[in-house]
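Q: Could you take me through this protein by asking what earns each label? I am new to it.

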Amino acid sequence: LGRNKRLMFLIDTYLDKSKIHGVGVFSKQNVKKGGKIKEVRPEFEIEFDQNNLPRMPLALANFIETHSFQKELGSNILIMGIDNEKYINHSKDPNVDDDGITLKDIKVGDEILMDYRGFDDNREAWLT
């Protein structure tokens, strides 16, 4: 689990098979370089107490653990956004930064990619 500022999409997106890893997020809109496509919206997040995961069905607990981040380093509170943002894949050549600003033009059908090294506690895993 990494710590990250959860940003909600401001554009319409969809999930599809990714050439990078499993499922990815793809744009349903054209966005020019420098456009803002994500912003912090805590009202669209769900908090879970990590201590409750063992009492949940295994599939749900695994989903929460995979798609959440710690509210604060060392916290038992996990945060999960309710939109497709949790499916963004890592790339060393991203098209959006961790502030939600596009680094290049994004066309309809493009996969939305971020460089995890800027915000993930497990940075070493992304160095390769």
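The turns below set values against cut-offs, one label at a time.

Q: What kind of model is this, and what is the secondary structure of the protein?
A: This is a predicted model. The protein has one helix and nine strands. Along the sequence, the pattern reads β-β-β-β-β-α-β-β-β-β.

Q: What share of the residues is buried?
A: Buried residues make up 39% of the 128 residues. The accessible surface is about 7500 Å². Carbon and sulfur atoms account for 51% of that surface.

Q: Among contacts between residues at least 6 apart in sequence, how many join residues at least 24 apart?
A: The share is 67%.

Q: Why are Tyr14 and Phe26 called an aromatic pair?
A: Ring centres must lie within 6.5 Å. For Tyr14 and Phe26 the value is 5.6 Å, so they pair. The structure holds one aromatic pair.

Q: What makes the pair of Tyr14 and Phe26 stacked?
A: The angle decides. Planes under 30 degrees apart count as stacked. Here the angle is 25 degrees, so the label is stacked.

Q: Which parts of the chain does this pair link?
A: Tyr14 is in strand E2, residues 13-17. Phe26 is in strand E3, residues 23-27. The two are 12 residues apart, and the pair links distant parts of the chain.

Q: How do you know whether Phe26 is buried or exposed?
A: Buried means under 20% relative accessible area. Phe26 has 9%, so Phe26 is buried.

Q: And which label does Tyr14 get?
A: Partly exposed runs between the 20% and 50% cut-offs. Tyr14 has a relative accessible area of 26%, so Tyr14 is partly exposed.

Q: Why is Lys38 said to lie over the face of Phe9?
A: NZ of Lys must be within 6 Å of the ring centre and within 35 degrees of the ring normal. The distance for Lys38 and Phe9 is 5.9 Å, so the distance condition is met. Lys38 is listed as lying over the face of Phe9.

Q: Why do Glu39 and Lys36 count as a salt bridge?
A: The rule asks for a side-chain nitrogen of Lys or Arg within 4 Å of a carboxyl oxygen of Asp or Glu. Glu39 and Lys36 come to 4.0 Å, N to O, and their side chains meet in a salt bridge. Glu39 is partly exposed at 24% relative accessibility. Lys36 is partly exposed too, at 46%.

Q: What makes Arg41 and Glu39 a salt bridge?
A: The N to O value is 3.2 Å, within the 4 Å limit, so the label holds. Arg41 has 25% relative accessibility and counts as partly exposed.

Q: Which residues are linked with these in a network of salt bridges?
A: Lys36, Glu39, Arg41 and Glu43 are linked in such a network. The count for the structure is seven salt bridges.

Q: Why do Lys71 and Glu47 count as a salt bridge?
A: Their N to O value is 2.9 Å, and the limit is 4 Å, so they qualify. The pair links distant parts of the chain, 24 residues apart. Lys71 is in the loop between strand E6 and strand E7. Glu47 is in strand E5. Both are partly exposed: Lys71 at 45%, Glu47 at 46%.

Q: How do you know that Thr13 is buried or exposed?
A: The cut-off for buried is under 20%. Thr13 has 12%, so Thr13 is buried. Its place is in strand E2.

Q: What makes the pair of Thr13 and Asn84 a polar contact?
A: The limit is 3.5 Å. Their side chains come to 3.0 Å, so the distance condition is met. Leaving aside neighbours within four places in sequence, Thr13 is also in contact with residues including Val25, Phe26 and Ile112.

Q: How far apart are Glu45 and Gly81 in sequence and in space?
A: They are 36 residues apart in sequence and 4.3 Å apart in space, C-alpha to C-alpha. Glu45 lies in strand E5. At 24% relative accessibility, Glu45 is partly exposed.

How values were computed
Residues numbered from 1 in each chain as written. Predicted model: local features only at pLDDT ≥ 70, side-chain atom pairs only at ≥ 80, totals over all residues. Heavy atoms only, no water. Phe/Tyr/Trp six-rings, centres within 6.5 Å; stacked < 30°, edge-to-face > 60°. Helix = DSSP H or I, 4+ residues; strand = E, 2+ residues; numbered from the N terminus. Buried < 20%, exposed > 50% of the residue type's maximum accessible area, 1.4 Å probe, protein only. Polar contact = N/O pair within 3.5 Å; in protein donor to acceptor, adjacent residues only side chain to side chain. Contact = heavy atoms within 4.5 Å. Areas by Shrake-Rupley, 256 points an atom, 1.4 Å probe, with all protein chains shown as cover.
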